[in-house]
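Grab a pencil and take a look at the structure below. Try each task yourself before you read the worked solution.

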Amino acid sequence: MKKIESAEDIHSVLVVGAGTMGSQIALQCALCGLGVTLYDVDRAKLDEARGRMSGEYAASLTGLGLREAETVRKVIDGIEFTTDAAAAAAEADLVSESIPERPELKARVFGMFDGLCPERTLFATNSSTLLPSMIAEGTGRPDRFCAMHFHIYVWVANVVDIIPHPGTAPEVAEILRQFALRIGQVPIVLKKEQVGYVFNTMLCALNDAALGLVADGVASVDDVDRAWMGVMKTPIGPLGILDFVGLDTAMTITEYWAERTGNKRLVSNGQLLRSYVEAGRLGMKNGKGFYDYPAPRYADEDFVSSASK
């Protein structure tokens with residue numbers, strides 16, 4: 001069977017995980033003319049992903065003038081949404097994984113697909129904080145595996161971290177660099193592994209500080225974001241950004257590293273995030289997080305100027 005020797009040999013992409021990032025990666029690849037299958041164990045998640053594509057994502061693409069509405073509709077109709085792992089894997093040239101940030105889970109899922117995918121298939125994780133070396137052996141093909149991390153929205157924040165681990169074959173990292181260019185992304189190839197990669201290393205430091213200010217009772221959610229927005233002149237603050245990412249995703253990441261490091265700040269930040277998640281406030285994805293959507297307070301014209309008393 002033909003080996004993947006360049007990005008041009010990648011025709012069929014299997015995206016594993018139908019959450020926010022998986023659905024955006026799938027749509028971006030499909031918009032760039034690739035055959036795309038979106039797989040999840042939960043049919044409801046697949047239905048939700050299709051709904052986001054047809055609603056929020058289509059509105060973003062058309063509102064920005066990036067695609068015509070009819071084009072987006074046809075592209076979405078061409079994506080295969082499935083819970084059948086074997087069928088999804090059968091013709092995959094590249095597997096892009098976007099499941100919860102637990103290394104044992106990622107390794108187990110990649111191990112399953114190692115037994116289902118053709119020998120030629122390359123594996124990539126969209127993990128935002130885990131090192132690829134933490135799960136490489138579990139993939140069954142560590143030489144053909146590295147991290148390829150996207151950002152939200154993929155068609156706007158079009159920077160991709162390419163992170164090989166020490167066992168990644170050099171040509172695989174280069175193929176994925178070429179592939180990123182092919183799907184309209186700006187690839188940044190890291191010289192060595194780094195928790196959080198490039199942008200997220202900086203963003204996580206900001207998020208940890210912002211969450212800590214609220215968890216420690218120093219300032220309110222509004223005032224933390226108000227301070228950032230007022231000084232930096234941005235349309236959104238760090239806690240608004242976390243709503244965009246998903247508070248459940250942020251909680252999983254924070255609690256994992258809190259347990260791994262014992263860092264007291266991370267422990268209290270994780271507890272704060274858990275209180276929101278257990279109250280059903282997951283962020284923008286379900287309309288309730290630190291703010292309520294579709295009209296969050298930080299979008300008000302006088303949000304920054306109307307300081308809390």
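Here are four exercises on this predicted model, each with a solution in steps.

**Exercise 1: the sheet**

Task: Work out the strand order of the open sheet, and find which strands stand at its edges.

Solution:
- Step 1. Walk across the open sheet and note its eight strands: the order is 3-2-1-4-5-6-7-8, and the pairing is mixed.
- Step 2. Look at the two ends of that order. Strand 3 and strand 8 (186-189) each have a single partner strand, so one side of each has no neighbour in the sheet.
- Step 3. Check the twist: on average, neighbouring strands of this sheet are turned by 25° against each other, ignoring direction.

**Exercise 2: strand 2 and its partners**

Task: Describe how strand 2 pairs with strand 1 and with strand 3, and decide whether strand 2 is largely enclosed or not.

Solution:
- Step 1. Start with strand 1 (residues 12-16): five bridges link it to strand 2, in the parallel sense. One residue pair to find is valine 15 with its bridge partner in strand 2, leucine 38.
- Step 2. Trace the chain from strand 1 to strand 2. The path goes through helix 1 (residues 20-31), giving a right-handed β-α-β crossover.
- Step 3. Now turn to strand 3 (residues 80-82), which pairs with strand 2 over three bridges, also in the parallel sense. Here leucine 38 has phenylalanine 81 as its bridge partner in strand 3.
- Step 4. Count the buried residues in strand 2 (residues 35-39). Four of the five are buried, so the rest of the structure largely encloses this strand.

**Exercise 3: two packed helices**

Task: Say how helix 7 and helix 11 pack, and which residues meet.

Solution:
- Step 1. Recall what you need: a packed pair of helices is described by the angle between their axes and the distance between the axes.
- Step 2. For helix 7 (residues 199-215) and helix 11 (residues 264-278), the angle is about 75° and the axes are 9 Å apart. Angles of 65 to 115 degrees count as roughly perpendicular, and that is how helix 7 stands to helix 11.
- Step 3. List who meets whom. Helix 7 brings Asp208, Ala209, Leu211, Gly212, Val214 and Ala215, while helix 11 brings Arg265, Leu266, Ser268, Asn269, Leu272 and Leu273.
- Step 4. Sort this contact by class: seven residues are nonpolar, three polar and two charged.

**Exercise 4: one residue up close**

Task: Is asparagine 207 buried or exposed, and which residues does it touch?

Solution:
- Step 1. Locate asparagine 207: it's in helix 7.
- Step 2. Asparagine 207 has a relative accessible area of 7%. The cut-off for buried is under 20%, so asparagine 207 is buried.
- Step 3. Leaving aside residues up to four places away in sequence, asparagine 207 touches Pro238 and Leu242.

Terms used
Residues are numbered from 1 along each chain as its sequence is written. This is a predicted model: local features need pLDDT of at least 70, side-chain atom pairs count only at pLDDT 80 or more; totals for chains, interfaces and linings use all residues. Side-chain values use heavy atoms; hydrogens and water are left out. Axes are lines fitted to C-alpha atoms, for helices over the stretch in contact, and angles run from 0 to 180 degrees between N-to-C directions. Angles under 35 degrees count as roughly parallel, over 145 as roughly antiparallel, 65 to 115 as roughly perpendicular and the rest as oblique. Contact means heavy atoms within 4.5 Å. Ala, Val, Leu, Ile, Met, Phe, Trp, Tyr, Cys and Pro count as nonpolar, Asp, Glu, Lys and Arg as charged, and the others, Gly among them, as polar. Buried means under 20% relative accessible area, exposed over 50%, partly exposed in between (1.4 Å probe, protein chains only). Two strands pair if DSSP finds at least two bridges between them. A crossover is right-handed if, with the strands pointing away from the viewer, the path from the first strand over the helix to the second runs clockwise.
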